[in-house]
Amino acid sequence: MIKITQNGRPFDAKRFAADIEAKAIALGIKAIEEKARGAASSIVDPETGLHADVFVDRLPGNKVAIRTAGSPAFARLIEKRLGVDPGKVQVMNVADGAAHPKVYLAHASEDKARVRPVAEYLMANGVDVWFDEWEIDLGDSLRQKMEDGLGAMTHFVVVLTETSITKPWVAKEIDVGLVQQVGGKSRFVPLLVDLDPAKLSPFLQAMLFLKIDPASEADLKGLVDRLHGVSRKPALGEAPRYVQNALPGLQGLSSAAIAVGRHIVETSVNAMVVDPAVTLEDLQGALDLATDDLRIALLDLKDAGYLREMNVRGHYAPQPALFVDFDEAFMPFSPSADAVVLANRMVTGDDRAIDTKGLAEELKWEPRRINSAICYLERVGAIRTRTALASAPWRAVQLVRTDETLRFARNHA
């Protein structure tokens with residue numbers, strides 16, 4: 001009688017098929033990871049001229065999330081290389097509302113020579129300007145072009161001079177700008193150039209206006225600041241590290257999810273694969289949160305690629321991304337900064353592979369700290385690691401230098 005076994009166990013056709021499917025999916029996801037990193041490896045961020053870090057994180061449901069610390073322009077380039085829709089590559093550390101202001105610049109034709117330098121200065125400083133001589137060509141519909149410009153604006157800027165306040169056409173443009181402001185579609189910004197405010201209509205006199213000299217860079221900078229929403233208040237300092245909740249990488253997570261993630265990284269001994277494994281009951285005893293909030297928090301962290309559900313139902317283990325982002329927020333060390341130190345140490349030495357334990361002793365780092373930095377370097381594809389069954393307390397027994405390590409170190413020099 002012939003017995004067929006699989007991994008030392010009696011052969012089971014369903015289990016065999018499931019294993020084959022799981023291995024095929026794993027290979028497919030790995031191919032996606034390599035393709036994403038490959039797409040990013042040969043291009044530089046157009047805003048910095050450097051290769052930006054790209055994170056590829058596995059999500060439940062055999063999906064991956066691609067995130068970058070680069071600019072939105074860099075993310076769009078990666079999407080083109082991958083052939084995916086815009087928005088598929090997520091941009092980290094970018095606040096909402098970062099789009100360029102769009103200005104409709106109303107003025108009298110006689111003032112064009114004085115207004116043109118203002119338009120050029122705004123364009124050079126991140127303000128998209130609708131200026132008639134740039135927008136209207138021969139044969140274009142004047143009305144249609146102006147309506148297009150007025151419809152897309154975030155700010156209606158009118159240059160008020162001795163000449164422009166007498167022009168019926170400028171007055172009509174002002175009416176449109178005021179209607180847009182009342183409707184909440186744009187901001188109305190009057191600019192006074194060599195004009196006594198007393199000559200304005202009573203309505204315009206009651207508005208906050210700016211007196212500028214088009215030849216004064218200080219005046220033009222003040223206008224740029226206003227259009228970009230730069231406050232005149234003193235800069236707000238950072239909150240103490242221990243109360244920061246919305247640091248880069250954690251934006252969009254609920255306060256409950258942040259509390260759970262923080263608890264896990266702060267109780268982790270060495271940032272290993274199941275260090276710690278948590279359950280809903282564990283968290284109920286450790287955190288003052290409602291049960292339903294905890295359930296949703298665990299689901300959010302799992303869907304974001306920070307946790308994975310273990311084979312034992314209801315048990316969750318941290319993914320490397322959790323240590324990278326949450327350690328950055330709540331631990332007394334910085335995984336991103338430590339990753340640079342590790343990469344520099346690896347590329348300056350002669351050895352291609354370095355023992356993790358010896359390197360930690362050289363740097364005087366505990367396993368918890370160096371393991372977090374290893375998570376960062378693995379997450380951006382900057383190193384290879386060698387593991388062993390008895391590797392604890394190290395995530396890897398050796399760190400292997402690659403060309404990606406060299407590029408990472410050079411980009412962060």
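# A tour of the predicted model

Begin with the whole chain in view, where residues 24 or more positions apart account for 61% of the contacts with a separation of 6 or more. Keep in mind throughout that this is a predicted model. If you colour the chain by secondary structure, you will find 16 helices and 16 strands, and if you colour it by burial instead, buried residues make up 41% of the 413 residues.

Next, select Val260, Tyr306, Phe326, Leu342 and Phe408, which touch the most other members of the largest nonpolar core, a set of 52 residues. To see which parts of the chain build this core, display the elements that each give two or more residues to it, namely α9 (255-267), α10 (280-286), α11 (291-303), α12 (320-330), α13 (335-348), α14 (356-363), α15 (367-379) and α16 (403-411). Helix α12 gives the largest share of the core, seven residues.

Now centre the view on Phe408 and leave aside its neighbours within four places in sequence; the residues then in contact with Phe408 are Asp53, Ala339, Val340, Ala343, Tyr376, Leu377, Val380 and Ala382. Before moving on, you can also select Val159, Val189, Leu191 and Val224, which are included in a second, separate core of 20 residues.

The next stop is a pair of helices. Two packed helices are described by the angle between their axes and the distance between those axes. Show α12 and α15 alone, and you will see them pack at an angle of about 110°, with their axes 8 Å apart. Angles of 65 to 115 degrees count as roughly perpendicular, and α12 and α15 are therefore roughly perpendicular to each other. The crossing in which α12 passes α15 is left-handed.

Which residues make the contact between these two helices? Select Pro320, Ala321, Phe323, Val324, Asp325 and Asp327 on α12, together with Arg368, Ser372, Cys375, Tyr376 and Arg379 on α15. Colouring the residues of this contact by type divides them into six nonpolar, one polar and four charged.

Finish at Ala337, which has its place in helix α13. Is Ala337 buried, exposed or partly exposed? Its relative accessible area is 39%, and because partly exposed covers the range between the buried limit of 20% and the exposed limit of 50%, Ala337 counts as partly exposed. As a last step, select His412 as well and draw a distance between the two C-alpha atoms: Ala337 and His412 are 75 residues apart along the chain, yet these atoms are separated by 9.2 Å.

Technical notes: Residues numbered from 1 in each chain as written. Predicted model: local features only at pLDDT ≥ 70, side-chain atom pairs only at ≥ 80, totals over all residues. Heavy atoms only, no water. Core = buried A, V, L, I, M, F, W, Y, C linked by side-chain atoms within 4.5 Å. Buried < 20%, exposed > 50% of the residue type's maximum accessible area, 1.4 Å probe, protein only. Helix = DSSP H or I, 4+ residues; strand = E, 2+ residues; numbered from the N terminus. Contact = heavy atoms within 4.5 Å. Axes fitted to C-alpha atoms, helices over the stretch in contact; angles between N-to-C directions. Parallel < 35°, antiparallel > 145°, perpendicular 65-115°, else oblique. Left-handed = near helix turned anticlockwise from the far one by under 90°. Nonpolar A, V, L, I, M, F, W, Y, C, P; charged D, E, K, R; others polar.
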